[in-house]
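Biologist: I am new to this one and would like to learn how the words used for it are justified. Could you show it to me and let me ask?

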Amino acid sequence: MNHTQRITVMVVDDESLIHAGLRKALHQDPTIRVICSAYDGEEALARIAEYQPDVVLLDIQMPRLNGIECLKRIQEHYPQIVVILLTTFDEEQYIIQGLAHNARSYLLKTEAFTGLTDHIRNAVNGTLVIPDHIAIKLAKFLQQQTDFVAKAIDPAFFKHYALTRTEQH
């Protein structure tokens, strides 16, 4: 993206107060412009086709089409659009699904208004932006998965291939 160009943003959330708060927060930055909004995933897809925003701030729990399914469709049809998941949920399943389907960031609504414009710019510039507490939660989840997989593998496999203890983990 050209640094002199404004970043266009779409807000997708089923709560009117979130729309108003995000619009107000983003309006303060002259380099970012909210060009459209939607209240569910189906409406979001229609608006994306019409407006082609640079960034979509996307809630996860919404009527008609949830944010994860909407994210999948956005990435399928508009892979150039940066999607930032914005939610009240920090469950591992949502974090994993979101990041696995190329969300550029995962923000909780409680922290969304702090540094949001910098967060958007970093995501647009290609940085995967994950707040510390989400990264810690993700790391713990992945550690548990690694332990599970390591325990499920027959120890004879490691002996056969002469893997060191470090290589086994």
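Biologist: Why is T87 called buried?

Modeller: This is a predicted model, and in it T87 has a relative accessible area of 0%. Buried means under 20%, so T87 qualifies. T87 sits in strand β4.

Biologist: Which residues does T87 contact, leaving aside its neighbours within four places in sequence?

Modeller: T87 is in contact with D59, I60, Y106, L107, L108 and K109.

Biologist: Let me step back for a moment. How many helices and strands does the protein have?

Modeller: There are 8 helices and 5 strands. Starting at the N terminus, the elements run β-α-β-α-β-α-β-α-β-α-α-α-α. Of the 169 residues, 40% count as buried. If you take contacts between residues at least 6 apart in sequence, 63% of them join residues at least 24 apart.

Biologist: Good, now to the helices. What makes α1 roughly perpendicular to α5?

Modeller: The axes of α1 (residues 16–27) and α5 (residues 116–124) cross at roughly 80°. Angles of 65 to 115 degrees count as roughly perpendicular, so the label fits α1 and α5. Their axes come within 9 Å.

Biologist: Which residues make that contact?

Modeller: On the α1 side they are L22, A25 and L26, and on the α5 side L116, T117 and I120. By class, this contact has 5 nonpolar residues, 1 polar residue and no charged ones.

Biologist: Let me pick L116 out of that list. How do you know that L116 is buried?

Modeller: The relative accessible area of L116 is 4%. The cut-off for buried is under 20%, so L116 counts as buried. L116 lies in helix α5 and touches L22, L26, L57 and L107, if residues up to four places away in sequence are not counted. The C-alpha atoms of L116 and A25 are separated by 7.8 Å, although these residues are 91 apart along the chain.

Biologist: H119 is in helix α5 too. Why does H119 count as buried?

Modeller: H119 has 10% relative accessibility, and buried means under 20%, so the word applies to H119. Beyond its neighbours within four places in sequence, H119 is in contact with I84, S105, L107 and V129.

Biologist: Which residues of α5 are buried, and what puts them on the same side of the helix?

Modeller: They are L116, T117, H119, I120, A123 and V124. Around the axis they cover an arc of only 160°, which puts them on the same side of α5. A general rule helps here: an α-helix has 3.6 residues a turn, so residues three or four places apart point the same way. The elements covering the buried residues of α5 include β1 (7–12), α1, β2 (32–38), β3, β4 and β5. After α5 comes G126, with a positive phi near 100°.

Biologist: Now helix α3 (residues 67–77): which of its residues are buried?

Modeller: G67, I68, C70, L71, I74 and Q75 are buried in α3. Seen down the axis of α3, they fall within an arc of 155°, so they line one face of the helix. E76 and H77 are exposed on the other side of α3. Among the elements that cover the buried residues of α3 are α2 (41–51), β3 (55–58), β4 (82–87) and α4 (92–100). Where α3 starts, a side-chain oxygen of N66 comes to within 2.9 Å of the backbone nitrogen of I68.

Biologist: What is the phi of R64?

Modeller: R64 has a positive phi of about 65°, although it is not a glycine. As a general point, most residues other than glycine have a negative phi. R64 is in the loop between β3 and α3.

Biologist: And why is R64 called exposed?

Modeller: Its relative accessible area is 63%, and exposed means over 50%, so R64 is exposed.

Biologist: N102 also has a positive phi, near 75°. Why does N102 count as partly exposed?

Modeller: N102 has 42% relative accessibility. Buried means under 20% and exposed over 50%, with partly exposed in between, so N102 counts as partly exposed. You will find N102 in the loop between α4 and β5 (105–108).

Technical notes: Residues numbered from 1 in each chain as written. Predicted model: local features only at pLDDT ≥ 70, side-chain atom pairs only at ≥ 80, totals over all residues. Heavy atoms only, no water. Axes fitted to C-alpha atoms, helices over the stretch in contact; angles between N-to-C directions. Helix = DSSP H or I, 4+ residues; strand = E, 2+ residues; numbered from the N terminus. Parallel < 35°, antiparallel > 145°, perpendicular 65-115°, else oblique. Contact = heavy atoms within 4.5 Å. Nonpolar A, V, L, I, M, F, W, Y, C, P; charged D, E, K, R; others polar. Buried < 20%, exposed > 50% of the residue type's maximum accessible area, 1.4 Å probe, protein only. Arc of directions from axis to C-beta. Polar contact = N/O pair within 3.5 Å; in protein donor to acceptor, adjacent residues only side chain to side chain.
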